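Me: I'm new to reading protein structures. Could you go through one with me, one question at a time?

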Amino acid sequence: MSEQTTHPTTTPAARSGPDTDQTTERASSFSLDIDRRNVRDAVRGYLDRLRSGEPGALPSVLGLLVLGVIFYLVSDRFLSANNIGNLPGQGAYIAIIALGLVFVLLLGEIDLAAGTTGGICAGAAAQALASHGLRHGIPGAGALYWIVIVAMVAAAGLGFYLRAITGPVIVLIGVVITLTGLDSRPVFAIIFAVALGAAVGIFSGWLVASVGIPSFIVTLALFLAWQGLLLFLLNSQPIGTNGYPLWYGLAHDNMSPFWSWVFTIAVVGGYLAYTIFKSLRAQAKGLAADTMQLVLVRGLLIAVVAIVITALANQNRNTNQFKVINGLPWALTIPVMLMIVCTIALTKTTWGRHLFATGGNAEAARRAGIDVVHIKVTAFTICSAFGALGGVFLASNTGGAQLDLGSGNILLFAVAAAVIGGTSLFGGRGRPRDAIIGALVIVIIPNGIGLRPSLPASYQNLITGAVLLVAAAVDALSRRRSASR
Amino acid sequence: MADPILEVRGLNKSFGPVHVLHDVDLTVYPGQVTALVGDNGAGKSTLVKTIAGINSLDSGEILFEGAPVTISDPSDAAKLGIEFVYQDLALADNLDITQNMFLGREIRRFGFMADGEMERKARETLTGLSVRTVSSVRQVVANLSGGQRQTVAIAKAVLWNSRIVFLDEPTAALGVAQTRQVLDLVRRLADQGLGVLLISHNMNDVMEVADRVVALYLGRVAAEVETKNSSVTEIVELITTGRSGNLGLAPATANESI
């Protein structure tokens with residue numbers, strides 16, 4: 001593999017400059033921008049990044065492998081197609097809540113209420129289905145419905161006032177859905193849940209960004225308050241959701257094999273097309289770019305993994321011979337699609353760039369003319385809306401809106417997922433894919449332990465805690481190394 | 001000499017009973033480095049903040065290219081092409097050089113950021129300033145040295161066809177070699193025809209890079225001298241006592257202020 005020649009049109013002045021006595025700490029004159037990165041450079045660069053304290057996804061992937069080996073030794077059922085196929089349904093809610101949390105964690109803030117927000121939103125949706133539309137009144141709490149409506153309209157107004165557009169619009173759509181009684185249908189009930197979550201997010205974002213209360217306190221208060229509100233919404237009666245095929249299917253059903261292939265080909269093909277196009281264009285214009293070789297190697301690795309997973313998923317994995325279970329679980333494809341959307345939003349839009357800047361240095365962002373309040377409010381809105389969707393998936397997985405839906409350890413597991421995946425609690429560093437990988441780590445622990453009945457469940461939190469501690473230690477050590485350079 | 005690009009005339013500013021700036025006159029010429037010197041509390045920061053539109057002015061006027069202008073907030077200054085590089089660098093550590101240079105003013109195509117175009121322009125700007133010390137405009141700012149960071153902050157300010165750049169203590173935290181880089185850069189800005197106003201405590205820097213020096217003494221302009229006709233001793237006297245030989249404030253004024 002030969003080094004690419006330097007691009008002739010870039011930086012002629014830099015190379016022919018007269019004073020050569022300038023002290024340079026590193027290779028200078030944009031040398032790294034001119035030389036294309038090939039596979040060897042990429043591997044070397046990756047090793048350099050590891051050594052200098054940017055572990056990326058490595059700790060979580062290693063953790064996943066280690067846990068996988070351990071649980072394979074614990075039970076030979078662990079790696080069975082049936083068990084692996086169950087993992088997405090068991091972990092989707094953590095992945096989705098963690099995806100939302102990434103936005104807030106990127107700002108260096110926290111949303112402790114994302115889980116219980118999911119609880120009230122999924123609870124309200126379940127109540128809407130059970131009582132054929134919330135507008136008929138919430139049993140046992142007649143005035144509550146109008147309080148919710150007024151609060152949602154107020155939150156939408158607040159959102160418009162803070163120059164957010166999408167969040168308030170979603171909230172108003174939710175208001176329309178419930179006022180027209182559409183929320184007696186599962187699809188609309190779930191959309192209503194997300195809208196209610198967005199309203200909660202606008203409210204908490206406003207308290208954090210405009211009023212100036214620390215996010216830990218705001219969301220701790222909401223974490224507690226929503227647990228009480230959920231009891232009112234459910235009239236202290238758990239509501240089952242297994243009777244609604246759509247809702248039940250979120251955590252239990254699969255795409256058909258045909259659509260599974262369509263999904264995989266669209267995702268992998270889209271990724272390949274985008275990276276190849278980007279590399280070609282960057283090389284044509286003399287920008288910093290990866291070589292085609294590197295792009296292809298990376299793309300093919302991803303393609304092979306995705307195709308193998310899809311091929312395996314399309315086999316019948318039911319141990320019971322009377323019913324065929326195959327295809328990619330919705331609980332896998334929906335979080336992956338959300339992850340792709342989040343990644344595009346964070347890396348390709350100015351809003352995402354401004355979010356990173358605000359998390360890295362809020363004062364610099366403010367001086368650059370960025371509306372920091374707007375960024376914070378939108379991040380909290382997204383987090384709570386994802387929390388609501390996570391609550392819906394949780395209810396689907398557990399069979400209904402329980403009285404403690406979304407409380408307990410759920411939020412902390414989601415935070416742990418984001419951190420294990422490599423998102424920093426100090427802000428400015430993190431990726432949506434962290435949430436997905438981290439959630440996978442979190443969910444295989446109870447899954448693996450559950451396969452060996454003789455293992456007490458008490459191991460579950462013990463192991464989860466240890467994994468989180470290791471992940472946080474890697475994060476802290478890597479920060480120290482990058483700071484000490 | 002070219003016409004001044006920025007002129008401040010008879011500027012007064014009080015914070016409550018404290019009269020911070022007395023009839024301050026200041027002129028910045030294109031292609032020149034004007035140094036603003038003065039002891040702590042002389043009013044340098046207040047003067048700069050007033051021009052930046054962060055503080056309001058009580059009386060006096062600001063002329064940009066000969067025409068009176070009102071600068072009521074920092075974005076007005078930016079529209080005129082006046083950029084400020086503050087002492088605590090306004091860079092986000094977790095973003096790379098290109099991202100920082102375009103922060104808040106990203107170029108967009110079809111709603112998405114045009115990263116390639118921004119990268120190219122960032123490199124062009126750095127090349128135009130003969131910056132040779134960065135190996136990639138895709139480097140994260142956290143990994144840069146103090147001098148490189150200051151360079152990026154300055155390059156960010158000149159990216160927008162700015163006409164005047166205010167630099168607040170650009171070499172304060174830098175080592176010898178890095179100070180050298182930044183001073184060279186400051187000189188090149190002026191050579192490219194920008195008006196540069198340099199705030200500094202370091203007389204060696206001032207003597208080396210500035211064309212003219214404005215010395216503030218307790219809120220008054222003690223004197224404005226050309227560096228080639230002046231000396232470090234003279235400027236230090238102006239800073240500390242408000243006068244030096246025949247130059248500077250009348251003895252009565254200088255003493256009255258104390």
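Me: In which sense do strand β4 and β5 of chain B pair?
Reply: Happy to help, and keep in mind that this is a predicted model. Strand β4 of chain B covers residues 59-64, and 3 bridges link it to β5(B). At one point along the pair, Phe64(B) stands opposite Ala67(B) of β5(B). The sense of this pairing is antiparallel.

Me: Which strands stand at the edges of the 4-stranded open sheet in chain B?
Reply: The sheet is open and has the order β2-β1-β4-β5, with antiparallel pairing. A strand at the edge has a single partner, so one of its sides is left without a neighbour in the sheet. In chain B, that describes β2 (18-28) and β5 (67-69).

Me: Which helix packs on that sheet?
Reply: The sheet itself has a twist that averages 30° from one strand to the next. The helix touches β1 (6-15), β2 and β4 of chain B, and its direction makes about 65° with that of β2(B). Spanning residues 44-52 of chain B, this is helix α1.

Me: What is the strand order in the open sheet of 6 strands?
Reply: This sheet is in chain B, and its pairing is mixed. Its edge strands, pairing on one side only, are β6 (82-85) and β12 (220-226) of chain B. From one strand to the next, the twist averages 20°. The order is β6-β9-β10-β3-β11-β12.

Me: Which helix packs on this sheet?
Reply: Look for a helix that touches β3, β9 (164-168) and β10 (195-199) of chain B. Its direction makes about 150° with that of β10(B). The helix covers residues 176-191 of chain B and is α6.

Me: Is β10(B) buried or exposed?
Reply: Take its two faces in turn. On one side are Gly195(B), Leu197(B) and Ile199(B), on the other Val196(B) and Leu198(B), and all of these are buried. That is 5 of the 5 residues, so the rest of the structure largely encloses the strand. β10(B) is buried.

Me: Which residue of β10(B) does Thr34(B) stand opposite?
Reply: β10(B) runs parallel to β3(B), with 4 bridges joining the two. It also runs parallel to β9(B), where there are 5 bridges and Asp168(B) stands opposite Ile199(B). For Thr34(B), the residue opposite in β10(B) is Leu197(B).

Me: How many bridges join β3(B) to β11(B)?
Reply: Strand β3 is made of residues 33-38 and strand β11 of residues 212-217, both in chain B, and they run parallel. Along this pair, Val37(B) stands opposite Ala215(B). The number of bridges is 5.

Me: Moving to chain A, how far does helix α9 reach from its first C-alpha to its last?
Reply: The helix covers residues 186-211, which is 26 residues, and at 1.5 Å a residue the expected reach is 38 Å. Of these residues, 23 are buried, so α9(A) is largely enclosed by the rest of the structure. Just after α9(A), Gly212(A) takes a positive phi of about 90°. The reach of the helix is close to the expected one, at 36 Å.

Me: Why does α5(A) count as roughly parallel to α14(A)?
Reply: Helix α5 (residues 81-106) and helix α14 (residues 330-348) of chain A pack with their axes 9 Å apart. Residues that meet here include Ala92(A) and Leu99(A) in α5(A), and Leu338(A) and Met339(A) in α14(A). The crossing is left-handed. Angles under 35 degrees count as roughly parallel, and here the angle is about 20°.

Me: What is the handedness of the crossing of α18(A) and α19(A)?
Reply: Helix α18 (residues 410-421) and helix α19 (residues 432-450) of chain A pack at about 115°, with their axes 7 Å apart. Among the residues making the contact are Phe413(A) and Ile420(A) of α18(A), and Ile437(A) and Val441(A) of α19(A). The crossing is right-handed.

Me: Which residues is Phe232(A) in contact with, leaving aside its neighbours within four places in sequence?
Reply: Phe232(A) lies in helix α10 (residues 215-233) of chain A. It has 16 other C-beta atoms within 10 Å, so it is partly exposed. Its C-alpha atom is separated by 9.7 Å from that of Gly123(A), 109 residues apart along the chain. The contacts are with Ala141(A) and Leu144(A).

Methods
Residues are numbered from 1 along each chain as its sequence is written. Chains are lettered from A and ligands numbered from 1 in the order in which they are written. This is a predicted model: local features need pLDDT of at least 70, side-chain atom pairs count only at pLDDT 80 or more; totals for chains, interfaces and linings use all residues. The expected span of a helix is 1.5 Å times one less than its number of residues. A residue is buried if 20 or more other C-beta atoms lie within 10 Å of its own, exposed if 12 or fewer, and partly exposed in between; C-beta atoms are placed from the backbone. Two strands pair if DSSP finds at least two bridges between them. Axes are lines fitted to C-alpha atoms, for helices over the stretch in contact, and angles run from 0 to 180 degrees between N-to-C directions. Two residues are in contact if their C-beta atoms, placed from the backbone, lie within 7 Å. A crossing is left-handed if the near helix is turned anticlockwise from the far one by less than a right angle, and right-handed if clockwise.
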